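Student: Before I accept any label for a residue, I would like to see the value behind it and the cut-off it is set against. Could we work in that way?

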Amino acid sequence: MRWTEAQAKTIETRDKNILVSAAAGSGKTTVLIERIKRLVLEDRVDIDRFLITTFTNAAAAEMKEKMEKAIHSEMEQEQDPKTIAFLQRQLQLLPQASISTFHTFALGVMRDFFYLTDLQPGFIIGDETQLQIMRRIRRMRCSSGASRKTEMPFGVSCENTAVTEAMRN
Ligand SMILES: Nc1ncnc2c1ncn2[C@@H]1O[C@H](COP(=O)(O)OP(=O)(O)OP(=O)(O)O)[C@@H](O)[C@H]1O
Ligand SMILES: [Mg+2]
């Protein structure tokens with residue numbers, strides 16, 4: 001691909017924070033993928049050292065797929081055993097690499113550090129229907145003079161404020 005001057009600068013700049021703002025369809029995603037590809041393939045940064053977040057699961061999957069293709073195509077042309085070993089390692093690391101939506105990433109942080117919150121390790125993300133049911137149970141159980149420690153499904157209790165805060169309506 002023939003990169004525009006601005007695209008090339010975005011792809012090649014190192015050791016600086018970069019904020020890219022450009023029109024819809026102008027090549028932001030393409031440039032971001034190329035930048036990551038070069039950081040891995042040329043600068044030899046392991047793929048699991050990146051935090052790459054997207055808005056949609058589809059975009060995250062596309063990014064992983066493009067990285068996998070790029071690594072494979074590099075391996076086909078490569079002769080040097082050390083470089084081949086590096087590329088093979090990238091393929092192994094790729095499934096666990098942090099390439100996900102913002103939400104999936106945030107959920108992972110909460111699961112890893114649940115013990116710093118008053119969440120239980122097995123907490124789940126409720127959909128709107130589950131939340132409605134929980135709100136109803138909470139209203140019934142917590143307002144009727146029940147013990148503040150009354151247990152509810154998913155480890156929620158009347159006194160677990162961080163959790164129940166999210167259920168207030
Ligand atoms: N320099 C270029 N030369 C030719 N095609 C390009 C160039 N840059 C980007 N494209 C093409 O333009 C299309 C849109 O690119 P891309 O999806 O990366 O844009 P985007 O800014 O991320 O779009 P959106 O705002 O919808 O997320 C793609 O098909 C891409 O291959
Ligand atoms: Mg895009």
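The dialogue below takes up some labels and the values behind them.

Tutor: Keep in mind that this is a predicted model.

Student: Why is Asp 15 called exposed or buried, as the case may be?

Tutor: Asp 15 has 4 C-beta neighbours inside 10 Å, and because a residue counts as exposed when 12 or fewer other C-beta atoms lie within that distance, Asp 15 is exposed. Its place is in the loop between α1 (5–12) and α2, and its phi is near 55 degrees, a positive value in a residue other than glycine.

Student: How do you know on which side of the cut-off Arg 44 falls?

Tutor: There are 10 other C-beta atoms within 10 Å of Arg 44, and since the limit for an exposed residue is 12 or fewer, Arg 44 is exposed as well. Arg 44 lies in the loop between α2 and β1 (51–54) and, although not a glycine, has a positive phi of about 60 degrees.

Student: What share of the chain counts as buried?

Tutor: Of its 169 residues, 11% count as buried, a label that requires 20 or more other C-beta atoms within 10 Å.

Student: What makes a residue part of the shell around ligand 1, and which element gives the most to that shell?

Tutor: The C-beta atom has to lie within 6 Å of the molecule; 13 residues are around ligand 1, with Ala 24, Gly 27, Lys 28, Thr 29 and Thr 30 coming nearest. Helix α2 (residues 28–41) gives the most, with three residues, and the shell divides into four nonpolar, seven polar and two charged residues.

Methods: Residues are numbered from 1 along each chain as its sequence is written. Chains are lettered from A and ligands numbered from 1 in the order in which they are written. This is a predicted model: local features need pLDDT of at least 70, side-chain atom pairs count only at pLDDT 80 or more; totals for chains, interfaces and linings use all residues. Helices (H or I, at least four residues) and strands (E, at least two) are DSSP runs, numbered from the N terminus. Ala, Val, Leu, Ile, Met, Phe, Trp, Tyr, Cys and Pro count as nonpolar, Asp, Glu, Lys and Arg as charged, and the others, Gly among them, as polar.
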